[in-house]
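User: Take a close look at one part of this model for me: the nonpolar core. Then set that core against the chains that build it.

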Amino acid sequence: MPIPLTVLDTRRDARDERGPASPPTEDVRERVFELEAQGEWLVQRVPEPWIGVTTKYGRTKKIPIARTWHHKSCGQCGHIPGYSTSIFWLIRKLGLDYSDPKDQTSCTAWNYYASATSNQGAQAAVAMRNFGAAYESGYFPMIHCGTSYGHYKEVREELVHSADLRDEVRRICDKLGKPFVMPEEIVHYSEWVYAMRDEFAKRRVLDLSSIDVTVHPACHYHKLVVEDAIYDPDVYGGQRTAVVSAVVTALGANVKDYSTWFDCCGFGFRHILVQRDFTRSFATLRKIDVMREEANPDVVLTHDTGCVTTLDQSQFAARAHKPNVGIPVMSEAQFAALAMGAHPYRVAQLHWHNTEYRPLLEKMGIDWRERWREFEDDLERLKKNDKTFLTWEDADV
Amino acid sequence: MSDTVLVVGGGPAGLEAARAVAEMGSKAILLERRAVLGGTPDESSYAALTPRMGSAQDALDLLRAGVEDPNVEIHLETQLTACSGSVGDFTVTLDGPSGATTASVGAIVVATGFQHFDPGRETQMYGYYEYPDVITLPDAEKMLSQHRFVRPSTGEPPRNVAFIQCVGSRDRRLGNEYCSKVCCGVASKEAIEIRRLLPDAKVYIFYIDMRMYGYWENEIYWPAQEQYNVNYIRGIVTEIVAKDGRLLMKGEDTTMGRPLEVLMDVIVLSVGMEPSRGTRDVAGILGVDQNKYGFVATPGEPMDPVGTSVPGIFVAGAAAGPKDLEDTMSMAGAAAMRALRAIRGQARAEVGAAR
Amino acid sequence: MTLEARYADVPLETKQALFDEVKADRRFKDYLYGCYECGICVAACPSARFYDFSPRKIAQAASREDLPMFFEQLNDDIWNCSQCFSCTRCPRGNNPGGLITIMREVSINNGLTSAKQALEGYGRVVYKIMSTGTQVSPDMLQPNAFPDWGPHVQEISDNLALWRRALPPDTMHTTSTAWEVDDKTLTELYLIWHMTGVLDMIKGVDSGLHMILNDVMEELLEEAGYSAG
């Protein structure tokens with residue numbers, strides 16, 4: 001006897017009827033403001049205009065549209081510079097005001113999780129120093145890396161709940177001459193991309209309807225401080241974090257599911273540097289292989305430095321063992337930029353990526369040969385004078 | 001001084017309390033927000049009752065027959081919207097299909113019950129709003145009460161079924177830190193019912209602890225394993241994803257000390273109890289204290305399981321927290337008795353007073 | 001399977017002292033409540049699939065204050081954790097990954113051989129983050145550092161300086177750091193390392209590294225008018 005497939009709709013309706021339950025956890029932002037009222041620190045407000053998005057238990061999170069201070073990622077800027085470049089390119093394309101600071105240190109969390117050659121005080125002090133620098137500039141911090149974001153969320157919890165830690169870090173900030181500031185929200189760039197996805201969709205110039213995408217969510221984005229991550233009832237029924245997936249759909253490409261969606265990529269922090277067999281085995285066996293087998297995507301998109309690095313770089317060694325790898329990997333920022341006509345080399349900087357991406361570009365309708373010729377001309381020009389650089393104007397010629 | 005007891009809620013607790021009041025010669029007003037009496041067992045189409053496997057429908061019919069009494073004034077599709085006064089002399093506003101009316105009552109029994117936890121909220125990723133074949137205990141009850149059990153996606157009987165215990169209970173991250181008491185027994189009972197219907201199906205229960213109080217141990221747990229070959233595996237599941245047209249669940253088999261990944265046709269989430277919307281609303285209207293989970297507080301426990309923080313107002317059943325049917329029936333009788341003493345002017349004003 | 005934990009020759013007092021240090025950490029009470037031993041952490045853990053590693057056992061050993069088991073884990077297991085925090089699925093609110101972070105710090109602070117071994121080969125990365133304020137730099141993309149990434153790394157390495165100039169963002173025209181960091185910012189970072197005792201930690205692990213770092217930092221700090229230490 002056939003069952004009408006309104007099962008999920010019926011469930012969703014019943015859910016609405018019962019009404020939303022109140023969120024099970026306290027709202028740490030309320031505590032942040034309480035502490036400001038007690039004179040413990042300053043709170044940097046999210047600048048207007050902002051977009052409200054929904055987090056796991058239905059609360060609203062404010063995402064600033066512009067006047068953002070870009071807390072850059074070591075791995076992105078160091079090894080996958082097209083990732084950072086694409087984020088800036090997207091902002092510039094929308095004509096928004098932003099700051100790319102030199103007064104910024106790494107969050108130092110990669111080192112912390114890899115080697116533990118740090119401690120709670122140092123980690124919190126680094127975070128607050130960076131927040132202080134943002135506050136001084138008048139721009140609101142936007143975090144590029146998933147680990148920085150997750151780590152800073154943890155630091156916020158620790159500072160809110162420990163007066164001792166606050167005192168220790170305040171003393172350090174005083175000595176540095178930095179203001180002791182906690183931002184109203186801790187915002188990851190992929191949350192901004194999610195909030196602005198319709199703007200990107202409007203400016204899309206490529207037809208992505210034949211592009212199949214598998215999405216890999218960064219562990220540190222949604223598993224650290226679980227209540228502060230974006231969930232959307234229209235994306236996986238609100239059961240999985242919506243960032244990246246929602247953007248892919250908005251751009252007209254197809255999100256394909258696979259059975260190891262929730263698995264870590266295998267980055268391991270220390271493993272990718274000194275216990276490499278784990279990382280490359282895990283990434284290929286548990287992620288790439290399964291994606292290939294079940295979804296056969298054209299590209300893997302993710303929203304974190306470590307994930308892009310791991311998934312992209314691990315596939316080379318696996319070719320010796322299993323020829324069935326070879327899915328290009330990039331961030332959703334690079335993908336969105338390409339969709340809007342960004343240059344694959346000047347902006348997305350795909351020549352830094354390892355797994356073969358050129359068939360993908362062809363499928364997307366990008367003439368990569370011509371683009372590479374253009375970029376090679378740029379390189380020739382730069383060779384002639386080593387004081388020169390590629391500029392933003394050059395990038396959009 | 002009023003000689004009437006108001007019973008709010010027409011589920012098992014309310015029905016039994018109203019019946020008991022009437023049996024003892026006093027009047028009861030029974031309110032029910034739905035159009036039929038029976039409460040959650042009726043709304044969720046409960047099949048068999050734990051542990052003796054008696055018919056839930058028969059039990060409900062019996063309870064409904066019990067309130068067919070001139071002393072019980074039944075108001076369906078009616079809710080309590082206001083209350084003032086004190087023990088012996090409450091004025092209550094009842095909002096029903098023909099508008100709002102007031103009544104004067106001497107005591108109130110809160111029997112507004114519970115609702116099942118919504119699995120879309122939990123921190124484990126179980127995909128209840130993504131996959132039709134992930135169902136809850138009440139979804140299973142509905143099928144079992146029609147003497148069938150099939151995969152919602154295909155309409156075919158499953159080859160294997162897994163239960164996941166403690167969904168929405170015993171969870172600090174959700175705030176529902178308590179145990180919902182009945183789900184281990186109910187899951188085992190449903191497992192038995194499924195094995196009876198589908199003798200070729202393999203049934204698994206993934207648990208943290210098996211809560212089999214008293215005679216449930218020998219009346220449900222042992223038969224489930226010994227007669228019906230239900231497999232109990234100690235280890236809870238982290239996520240459910242789709243694979244090869246079936247459901248893939250990932251857990252750890254802790255007693256064997258290894259991660260496991262198994263494909264299942266149907267997965268049943270043993271969802272716990274939360275205070276119903278009615279319980280939250282009515283508690284607010286009556287001004288009775290609620291505990292941190294939103295259930296009606298019973299400050300005099302364990303010696304007084306039915307007294308609330310307000311003299312003259314008593315609670316019966318799951319409005320006070322996770323209860324099984326025996327608890328509910330016991331509380332209903334006790335609440336009725338205390339309410340009668342209140343309206344007969346024999347109640348002492350203090351809460352948890354010695355008998 | 002042996003019933004006794006390894007390192008039976010190490011005195012119990014030593015193990016007790018290390019455990020007490022872990023327990024005394026500010027974060028311990030937020031990372032370990034009770035443990036159901038339900039295994040959800042293992043189910044989610046990537047390292048559990050590849051190593052004989054169990055976040056559940058880490059939490060169990062800590063809850064039970066099982067010193068021999070704890071000490072064995074401190075030496076043999078904690079460096080297998082991938083710090084992904086999938087184990088925060090725990091319904092009791094435990095954070096086995098977090099417990100491991102504390103255990104790693106204690107291990108380093110006490111100069112355990114296993115910690116030193118775990119950090120062998122990692123020295124250049126510590127040097128990079130502590131001295132430049134960025135964790136990885138373009139010039140770390142060398143074939144001998146990442147041999148299993150293939151010949152592509154050689155290509156990058158050969159063209160590094162040129163390709164880095166071909167980047168539009170003007171903070172990224174660097175090769176020895178991920179982005180350009182102001183000297184003042186570096187000074188602030190060095191002060192943080194000094195004031196929080198991190199430099200002292202490094203001394204216990206790798207005295208050579210400590211010496212180099214100290215030299216690098218001293219110079220900048222003196223220029224800025226601070227005395228190092």
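**The core and its chains**

Analyst: Chain A has 397 residues, and 68% of them count as buried. This is a predicted model, so read every value below as computed from predicted coordinates.

Start with the core itself. The largest nonpolar core holds 240 residues. Six of its residues touch the most other members: A:Trp41, A:Trp192, A:Phe335, B:Ile240, B:Leu269 and C:Met130. The largest share of this core comes from helix 6 of chain A, residues 120-137. That helix supplies seven residues.

A second core of 52 residues lies apart from the largest one. Among its residues are B:Ala13, B:Val282, B:Val306 and B:Val310.

Now zoom in on A:Trp41. Residues up to four places away in sequence are left out here. A:Trp41 touches A:Val32, A:Leu35 and A:Glu36. Further along the sequence, A:Trp41 also touches A:Met128, A:Leu159, A:Val160, A:Arg166, A:Phe180 and A:Met182. The list includes the charged residues A:Glu36 and A:Arg166.

Step back to chain A as a whole. Its secondary structure comes to 20 helices and eleven strands. A compact globule of 397 residues would have a radius of gyration near 21 Å, and chain A agrees, with 22 Å. Its C-alpha atoms fill a box of roughly 75 × 60 × 45 Å along the principal axes. Take the contacts in chain A between residues at least 6 apart in sequence: 76% join residues at least 24 apart. The accessible surface of chain A is about 13000 Å², and carbon and sulfur atoms account for 48% of that. Chain A carries 49 positive and 56 negative charges, with mean positions 3 Å apart.

Chain B comes next. Its secondary structure comes to eight helices and 20 strands. The globule rule gives 20 Å for 355 residues, and the radius of gyration of chain B is close to that at 22 Å, so chain B is as compact as a globular protein of that length. Its C-alpha trace spans about 65 × 40 × 35 Å along the principal axes. Buried residues make up 63% of chain B. For contacts between residues at least 6 apart in sequence, 63% in chain B join residues at least 24 apart. The accessible surface of chain B comes to about 13400 Å², with 50% belonging to carbon and sulfur atoms. Chain B has 34 positive and 45 negative side chains, and the centres of these two sets lie 4 Å apart.

Chain C also reaches into the largest core, through C:Met130. Chain C has 13 helices and zero strands. Read along the sequence, its pattern is α at every element. The C-alpha trace of chain C spans about 60 × 45 × 35 Å along its principal axes. Of its 229 residues, 59% count as buried. Among contacts between residues at least 6 apart in sequence, 64% in chain C join residues at least 24 apart. The accessible surface of chain C is about 8900 Å², and 49% of it belongs to carbon and sulfur atoms. In chain C, the mean positions of the 20 positive and 32 negative charges are 8 Å apart.

Back to the core, in brief. The residues touching the most other members include A:Trp41, B:Ile240 and C:Met130. Helix 6 of chain A gives the largest share.

Notes. Residues are numbered from 1 along each chain as its sequence is written. Chains are lettered from A and ligands numbered from 1 in the order in which they are written. This is a predicted model: local features need pLDDT of at least 70, side-chain atom pairs count only at pLDDT 80 or more; totals for chains, interfaces and linings use all residues. Side-chain values use heavy atoms; hydrogens and water are left out. Helices (H or I, at least four residues) and strands (E, at least two) are DSSP runs, numbered from the N terminus. The radius of gyration is taken over C-alpha atoms; the globule rule is 2.2 Å times the number of residues to the power 0.38. Buried means under 20% relative accessible area, exposed over 50%, partly exposed in between (1.4 Å probe, protein chains only). Contact means heavy atoms within 4.5 Å. Accessible areas come from the Shrake-Rupley method with a 1.4 Å probe; for residues, only the protein chains shown count as cover. Lys and Arg count as positive and Asp and Glu as negative; His and the chain ends are not counted. The place of a charge is taken as NZ of Lys, CZ of Arg, CG of Asp or CD of Glu. A nonpolar core is a set of buried Ala, Val, Leu, Ile, Met, Phe, Trp, Tyr and Cys residues joined through side-chain atoms within 4.5 Å.
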